[in-house]
Structure formats: structure tokens, C-alpha cells
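Open the model in a viewer and keep the sequence panel at hand. The tour below moves from one selection to the next and says what is there.

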Amino acid sequence: MARVRLSVAERREELLRAAIGQIEERGVAAVRIADVAAALGVSNALVLYHFSTKERLVAAAFTYAAEGDLAHLRKLLGRRTTALRRLRAAVRWYAPTGQAKGWRLWIEGWAVALREPALREVSRDLDRQWKAAITEVIAEGVAAGEFVCADPAGTALRLTALLDGLAVQLTSYPGAVARSRAQEWVDDALARELGLDRQALTDRER
């Protein structure tokens, strides 16, 4: 069956989705241009036409994944509800116990970013934007009198560091930490950072 002719933008998006799938399955080090091409039934030359090197393809794939995650984060934080509910929704989605991005992909990305400047810049920019968005909603909650937090930026850093660390444990060492326990720790940390007790955290979300 003949393939449907795609626009340049559509073809790039198709290649990026395939690259993400192959990275999640094989890892950045092992994945090849040929793997991405084979996943779509296209030639290596087509992939190279759009991205020229594996390094550029990988960096573009992570950028694509990051943009999707940030778009969803902004949607959660832009809802017309309290700052606490928006923050809680974002933390639950981002947490490795929720429905956030494929954590295996990002753990791979962090490892490769130590050696690849282009990917390091992608992951650093994503990290900055996540922290900035979380900082903003915390500051909004403080201004509205919903909770108390003297250092919204510091709280955003500590929360995301906890979530990232739990993601590594849950993804790399299955069974090391129960997902229910991890969620309890996240709730404890969020309540503590906002000057609330656990019961108040739950009550104010209703």
C-alpha cells in the first residue's frame, strides 16, 4: 500500500515520535538512524534529510517531548480554580506515580546530557521552565492567602528534585519503593512546603 504523502512538518513530527519510541525501547546509545527508519518503513536517507545526524535527531526528539510536557503543564496550571488545586494537579501528573512523560526517556536523556551539549541545553531549558511554572503558581497561592511559603523558587526546586529522584528509583529499580509510599512522601513534602498539614491539604482541594 502506498504511503500517504506528508508535509515537511508532518513528516518531521512522525520521525520525532518514532525516535522517541525507539529511544524508550533501546536507549539513546543503542538507537540508530536505521531503527527509526525501519519503525516507519522509510529509508535512512529520509531521516538524514530531515535531521542530518543521529545527534540532531535525538536532540530534536527530546525537544519535541519537552514541548508536549510543557504544554500539558501550562494547561493544568491555567485552569480556573485555586492555586492549590492547580499545583496539586501538576505535581500528581508530574510524579512517577502519575501519567506524566515516559520517565525512562528522561532518565536516558539526563545520562546522555552529561556528554552531549545540545541535549544538555534541552534538558536544562525544560528544567528551568518547569521550575518557573511551579514557582509562579506557588507565588499566586501565597498572594491569595491559600497557604504560606517564604521561598516559592526554593520550594519548586525541592519538589521537582524529590519527584525526579523518586522517578529514578521507581523506573530503574522496580519494587524498591511502593508507588503508594512514594505518593505519600510527595503529599507530605507538598503539605510541609506550603505550611499545611496533610488533612488541610486534602480538605482544601475539595
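Select D151 to begin: at 39% relative accessibility, D151 counts as partly exposed. The model is a predicted one, and that applies to every stop on this tour. D151 sits in the loop between helix 7 (117-143) and helix 8. Now show the side chain of D151 together with the backbone of G154. A polar atom of that side chain lies 3.0 Å from the backbone nitrogen of G154. Next, add L194 and draw a line between the two C-alpha atoms. D151 and L194 are 43 residues apart along the chain, and their C-alpha atoms are separated by 9.9 Å.

**The whole chain**

Zoom out and colour by secondary structure. The protein has 10 helices and 0 strands, so from the N terminus on the elements read α-α-α-α-α-α-α-α-α-α. Along its principal axes, the C-alpha trace spans about 60 × 35 × 35 Å. Of the 206 residues, 46% count as buried. Among contacts with a separation of 6 or more, 61% are between residues 24 or more positions apart.

Switch the colouring to pLDDT. The mean for the protein is 87, and 93% of the residues reach 70 or more. Which helix has the lowest confidence, and which the highest? The lowest is helix 10 (residues 198-205), with a mean of 67, and the highest is helix 2 (residues 33-40), at 95.

**The nonpolar core**

Select I23, L57, F62, L73, L87 and W106. The largest nonpolar core has 65 residues, and these six touch the most other members. Helix 4 (residues 54-77) gives the most to this core, with 11 residues. As background, nonpolar side chains tend to be buried together in soluble globular proteins.

Keep L87 and hide the other five. Which residues does L87 contact, leaving aside its neighbours within four places in sequence? They are L77, I134, V137, I138, L190 and L194. L194 was also the partner in the C-alpha distance taken from D151.

**Helix 4 against helix 5**

Select helix 4 and helix 5 (residues 83-94). The two pack at an angle of about 150°, with their axes 8 Å apart. Because an angle over 145 degrees counts as roughly antiparallel, helix 4 is roughly antiparallel to helix 5. To see the interface, show D69, H72, L73, L76 and L77 on the helix 4 side, and R86, L87, A89, A90 and W93 on the helix 5 side. L73 and L87 appear both here and among the core residues that touch the most other members.

Stay in helix 5 and pick R88. Is R88 buried or exposed? R88 counts as buried, because its relative accessibility is 8% and the cut-off for buried is under 20%. Measure from the C-alpha of R88 to that of G68: the two residues are 20 apart in sequence and 20 Å apart in space.

**S52, before helix 4**

Move to S52, in the loop between helix 3 (44-51) and helix 4. The phi of S52 is near 65°, a positive value in a residue other than glycine. Most residues other than glycine have a negative phi. S52 counts as partly exposed, at 36% relative accessibility.

**T160 in helix 8**

Select T160, which lies in helix 8 (residues 152-172). With a relative accessibility of 4%, T160 counts as buried. What does T160 touch, not counting residues up to four places away in sequence? Its contacts are Y94 and K131. The side chains of T160 and K131 are also joined by a polar contact of 3.3 Å.

**R11 and G195**

Go to R11, in helix 1 (residues 8-26). R11 is buried, with a relative accessible area of 13%. Its side chain is joined to that of E14 by a polar contact of 2.7 Å.

For the last stop, select G195, in the loop between helix 9 (179-193) and helix 10. G195 counts as exposed, at 59% relative accessibility. Draw a final line from G195 back to R11: the two are 184 residues apart in sequence and 49 Å apart in space, C-alpha to C-alpha.

Conventions: Residues are numbered from 1 along each chain as its sequence is written. This is a predicted model: local features need pLDDT of at least 70, side-chain atom pairs count only at pLDDT 80 or more; totals for chains, interfaces and linings use all residues. Side-chain values use heavy atoms; hydrogens and water are left out. A nonpolar core is a set of buried Ala, Val, Leu, Ile, Met, Phe, Trp, Tyr and Cys residues joined through side-chain atoms within 4.5 Å. Buried means under 20% relative accessible area, exposed over 50%, partly exposed in between (1.4 Å probe, protein chains only). Helices (H or I, at least four residues) and strands (E, at least two) are DSSP runs, numbered from the N terminus. Contact means heavy atoms within 4.5 Å. pLDDT is the predictor's confidence in each residue, from 0 to 100. A polar contact is a pair of N or O atoms within 3.5 Å; within protein, one must be able to donate a hydrogen and the other to accept it, and residues adjacent in sequence count only if both atoms are side-chain atoms. Axes are lines fitted to C-alpha atoms, for helices over the stretch in contact, and angles run from 0 to 180 degrees between N-to-C directions. Angles under 35 degrees count as roughly parallel, over 145 as roughly antiparallel, 65 to 115 as roughly perpendicular and the rest as oblique.
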